[in-house]
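Work through the exercises below with the sequence and the model at hand. Each task is followed by a solution in steps.

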Amino acid sequence: MSTDAPLDPGPDLTQGIAADTLGDGTMLVGRVGEAAVVLVRRGNEFFALDAQCSHYHGPLAEGLVVGDTVRCPWHHACFDLRTGEAVRAPALSPISCWRTTLRDGKVLVLGKLAADRHASLPSRTESPRTIVIVGAGAAGFAAAEMLRRMAYAGRIVMLSDDDAPPVDRPNLSKDYLAGAAPEDWVPLRPDAFYTDQGIELRLKTSVVGIDVRAREVELGDASKLAWDRLLLATGAQPVRLAIPGIELPHVHTLRTLADCRAIIARAAQAQRAVVMGASFIGLEVAASLRARGIEVHVVAPEQRPMERVLGPGLGDFVRRLHEEHGVIFHLADTASAIDAGQVTLNSGGRIGADLVVVGVGVRPRLELAEKAGLAIDRGVVVDECLQTSAPGIFAAGDIARWPDPHSGAAIRVEHWVVAQRQGQTAARNMLGGREKFDAVPFFWSQHYDVPINYVGHAESWDEIEIDGDIAARDCTLRYKRDGRVLAVASIYRDAESLLAEATMERESA
Ligand SMILES: Cc1cc2nc3c(=O)[nH]c(=O)nc-3n(C[C@H](O)[C@H](O)[C@H](O)COP(=O)(O)OP(=O)(O)OC[C@H]3O[C@@H](n4cnc5c(N)ncnc54)[C@H](O)[C@@H]3O)c2cc1C
Ligand code: FES
């Protein structure tokens, strides 16, 4: 998924395309010199943009035009047709736009347009002096980046107890762990970005308290930092199992770049690994370790991997897919102890292992919000604009429980794209906006060459409607309750996934 899509070079767009061959909302890939450009018709207007998404280079022509935007088929990033602005994560960088003209019934693509980055962004109504962001992950980074995109000129301080600048966390269980992605894919931005943008990124800095009245945060060294707006984006941390041997040096969890590097270092000498947990992260780790030629055993208490989220059909498919790649499952079982060279199972069995990765779920990092007296309900409670119970304090990402207009429930999810989009909305609202967070939840997961895309949110369902063939890797699954579609999972049906997202948006608009 994270490699460039092979693009058909297509026609030379400078020579023109008969306008009536392009229907409303359709797209065509062609060339302008060396550049691959997608020509888009919307009503009677024609737009031309870079053909590849600025996230992982997804082919935009296979995406969907919705209103004045084009959406990427791979992870649903959204670009403004008029400006190329990346209006919705996971893409954060704009794409170029090209000038079009109609001549003799033909639409021609001319030169590149000058960047007009702020045209599609709402105006600011407030200019707080200092915005402090606690957390430099998906939500924190996206917020800081959006604040500067909106030409906010005040002080931004981003505090992180991690030692690495913001990274592309999903890559840590996928290509980077598998050895297929170079080191420079991992940081979300080069180090110079923070200095250039005037974002004070303070790494290895713990925030230990929030004084809601005095509008200050307290840092681990007892110093204080004043804020006018505060964003809490503290994310989640892996659950540690309380079993003997969990503290041994060959036992790892995976959340940070340092965790990932430690697993890679251990994997260099390992022959056999045990992955505890058959969730998304556990199984992505299993796939990546297989790519490194390591024997992998997965131990998990459930009967089927991922059944709780994806249902039995996809659960069985995911299991078979991993078995085809040599993964050995020990389901309906758990580990009772770990020794230097083996893992003991509750069923009595033993598996030799010189590497153990524990992926049994995460816990949102709520301590700060709890200590500060903010409203908590299995997450930090936020309103539709992502403000917490304390005015001026916002929360986003894995910790936030927000009123989701699509499911009609207050939900908290652990999805990269949701965290980034919440960071972006929170940024706009910290500058005086009153934007509701109404994006349909979306996540993707990658196992070998098979991507699974999921839109919506279904904690339970009474029916799963399967369209297509799961085993043939060409399917759409609709999770329904009382006849209503709550969520849609798909494999290699990107257009349907985008359509499902757009339909859910319309239904609750
Ligand atoms: C290996 C891996 C792979 C994943 N793959 C996918 C995927 O394919 N698709 C998907 O949708 N989701 C995926 N996820 C989940 C996704 O990464 C998270 O949902 C997302 O990162 C949440 O963003 P966040 O900003 O809330 O938290 P994080 O990204 O975890 O950032 C939290 C930040 O807060 C900092 N912090 C916490 N407490 C403090 C404190 N007191 N003081 C200072 N700093 C603090 C942390 O150091 C960190 O910088 C994956 C997660 C992991 C770990
Ligand atoms: S490649 Fe376009 S959103 Fe990921």
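**Exercise 1. The sheet**

In what order do the five strands of the open sheet lie, and is the pairing parallel or antiparallel?

Solution. This is a predicted model. Step 1: reading across the open sheet, the five strands come in the order 13-12-11-17-29. Step 2: the pairing is parallel. Step 3: look at the edges. Strand 13 (199-202) and strand 29 (393-395) each have a single partner strand, so one side of each lacks a neighbour in the sheet. Step 4: from one strand to the next, the twist averages 15°.

**Exercise 2. One strand pair and its helices**

Find the bridge partner of isoleucine 131 in strand 17, then state which helices pack on the sheet.

Solution. Step 1: strand 11 (residues 130-134) and strand 17 (residues 229-232) are paired in the parallel sense, over four bridges. Step 2: within strand 17, arginine 229 is the bridge partner of isoleucine 131. Step 3: helix 8 (residues 416-430) packs on the sheet and touches strand 11, strand 17 and strand 29. The direction of helix 8 makes about 170° with that of strand 17. Step 4: helix 1 (residues 138-149) lies across strand 11, strand 12 (155-159), strand 13 and strand 17. Helix 1 runs at about 170° to strand 12.

**Exercise 3. The surroundings of ligand 1**

Describe the shell around ligand 1: its residues, its polar contacts and the elements that supply it.

Solution. Step 1: 33 residues surround ligand 1, and Ala139, Asp161, Lys174, Arg255 and Asp398 come nearest. Step 2: sorted by kind, the shell holds 15 nonpolar, ten polar and eight charged residues. Step 3: list contacts to oxygen atoms of ligand 1. A side-chain N or O atom of aspartate 398 is 2.7 Å from one. A polar backbone atom of tryptophan 444 is 3.0 Å from an oxygen atom of the ligand, and for a backbone N or O atom of alanine 233 the distance is 3.3 Å. Step 4: the protein covers 95% of the 1000 Å² of accessible area that ligand 1 has on its own. Step 5: helix 1, helix 8 and strand 32 (442-447) are the elements that give two or more residues to the shell.

**Exercise 4. Backbone exceptions**

Which residues does a cis peptide bond join, and where does arginine 215 lie?

Solution. Step 1: recall that most residues other than glycine have a negative phi, and most peptide bonds are trans. Step 2: the cis bond joins alanine 89 and proline 90, with omega about 15°. Proline 90 sits in the loop between strand 8 (86-88) and strand 9 (97-103). Step 3: arginine 215 has a positive phi, near 55°. Arginine 215 belongs to the loop between strand 14 (207-211) and strand 15 (216-219).

Technical notes
Residues numbered from 1 in each chain as written. Chains lettered and ligands numbered in written order. Predicted model: local features only at pLDDT ≥ 70, side-chain atom pairs only at ≥ 80, totals over all residues. Heavy atoms only, no water. Pairing = 2+ DSSP bridges. Axes fitted to C-alpha atoms, helices over the stretch in contact; angles between N-to-C directions. Contact = heavy atoms within 4.5 Å. Near = heavy atom within 4 Å. Polar contact = N/O pair within 3.5 Å; in protein donor to acceptor, adjacent residues only side chain to side chain. Areas by Shrake-Rupley, 256 points an atom, 1.4 Å probe, with all protein chains shown as cover. Nonpolar A, V, L, I, M, F, W, Y, C, P; charged D, E, K, R; others polar.
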